[in-house]
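Here is a short briefing to read with the model open beside you. Take a look at the chain first, and then we can walk through it topic by topic.

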Amino acid sequence: CSPAMTLFEDLSMEEHLKSHFDFVKTFNLKNARLDLEQFDLIKAMHKPISTLSSGMKQRFKLVLALNNDVPVIFLDEPCSNLDEKGISVYKDLITKNQGQKLIIVATNQPLTEFPLTGNTLDLSVKLNPATTSN
């Protein structure tokens, strides 16, 4: 899941969920609907995805990613475009999945986007100011 992940913009969330369920046999549709309620997306289920805000799209992408019965989930900047409520729900959902699967989070905001206990790997690069160019 990443902010750059493409959704089928002409479909509604309901249609997208159904097609995702048809193609991805490990997808838990029942839990996804519960997560959509937590994210307060139910009221927009029949709107075309193209009409949703970037935050609503990111919430939907997280629901799609977190409700697959797979051993590993990759999340790239998962809180991009989320407001405080969205971040809170994200933290609840990711904590719920902790211990059930390996969750790899690529982030520049580790305290916000990686609320779990576990191993972290800092891949930041320390640049020497003398070697950088303008």
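What percentage of the 134 residues of the chain count as buried? The figure is 40%. Please keep in mind that this is a predicted model. The chain has five helices and two strands, and along the sequence they follow the pattern α-α-α-β-α-β-α.

**Overall picture**
- The chain exposes about 8300 Å², and carbon and sulfur atoms supply 55% of that area.
- If you count contacts between residues at least 6 apart in sequence, 66% of them join residues at least 24 apart.

**The nonpolar core**
- The largest nonpolar core holds 32 residues.
- Met 13, Leu 17, Phe 39, Phe 60, Leu 75 and Tyr 90 are the residues with the most contacts inside this core.
- At least two residues of the core come from each of α1 (13–23), α2 (29–38), α3 (54–66), β1 (72–76), α4 (84–97) and β2 (102–106).
- The element that gives the most to this core is α3, with six residues.
- Leaving aside residues up to four places away in sequence, Leu 17 touches Phe 27, Leu 29, Ala 32, Arg 33, Leu 36, Met 45, Phe 60 and Leu 64.

**Helix α3**
- Is α3 mostly covered or uncovered? It is mostly covered, with 11 of its 13 residues buried.
- The buried residues of α3 include nonpolar ones such as Phe 60, Leu 62, Val 63 and Leu 64, and Lys 57, Gln 58, Arg 59 and Lys 61 are also on the list.
- Among the elements that cover the buried residues of α3 are α1, α2, β1 and α4.
- The length of α3 makes for a handy check: at 1.5 Å a residue, its 13 residues should span 18 Å, and the end C-alpha atoms are 18 Å apart, so the two values agree.

**The two strands**
- β1 and β2 run parallel and are joined by five bridges.
- One residue to look for is Val 72, whose bridge partner in β2 is Leu 102.
- Between the strands, the chain passes from β1 through α4 to β2, and this β-α-β crossover is right-handed.
- In a regular strand, side chains alternate between the two faces of the sheet.
- On β1, Ile 73 and Leu 75 form the covered face, while Val 72, Phe 74 and Asp 76 form the uncovered one.
- Side chains alternate along β2 as well: Ile 103 and Val 105 point to one face and are buried, whereas Leu 102, Ile 104 and Ala 106 point to the other and are not buried.

**A loop residue worth a click**
- Where is Val 70 found? It is in the loop between α3 and β1.
- Val 70 counts as partly exposed because its relative accessibility is 27%, and the partly exposed class lies between 20% and 50%.
- Not counting residues up to four places away in sequence, Val 70 touches Thr 26 and Lys 101.
- Val 70 and Phe 27 are 43 residues apart in sequence, and their C-alpha atoms are 8.8 Å apart in space.

Conventions. Residues numbered from 1 in each chain as written. Predicted model: local features only at pLDDT ≥ 70, side-chain atom pairs only at ≥ 80, totals over all residues. Heavy atoms only, no water. Core = buried A, V, L, I, M, F, W, Y, C linked by side-chain atoms within 4.5 Å. Buried < 20%, exposed > 50% of the residue type's maximum accessible area, 1.4 Å probe, protein only. Helix = DSSP H or I, 4+ residues; strand = E, 2+ residues; numbered from the N terminus. Contact = heavy atoms within 4.5 Å. Pairing = 2+ DSSP bridges. Right-handed = clockwise from strand over helix to strand, strands pointing away. Expected span 1.5 Å × (residues − 1). Areas by Shrake-Rupley, 256 points an atom, 1.4 Å probe, with all protein chains shown as cover.
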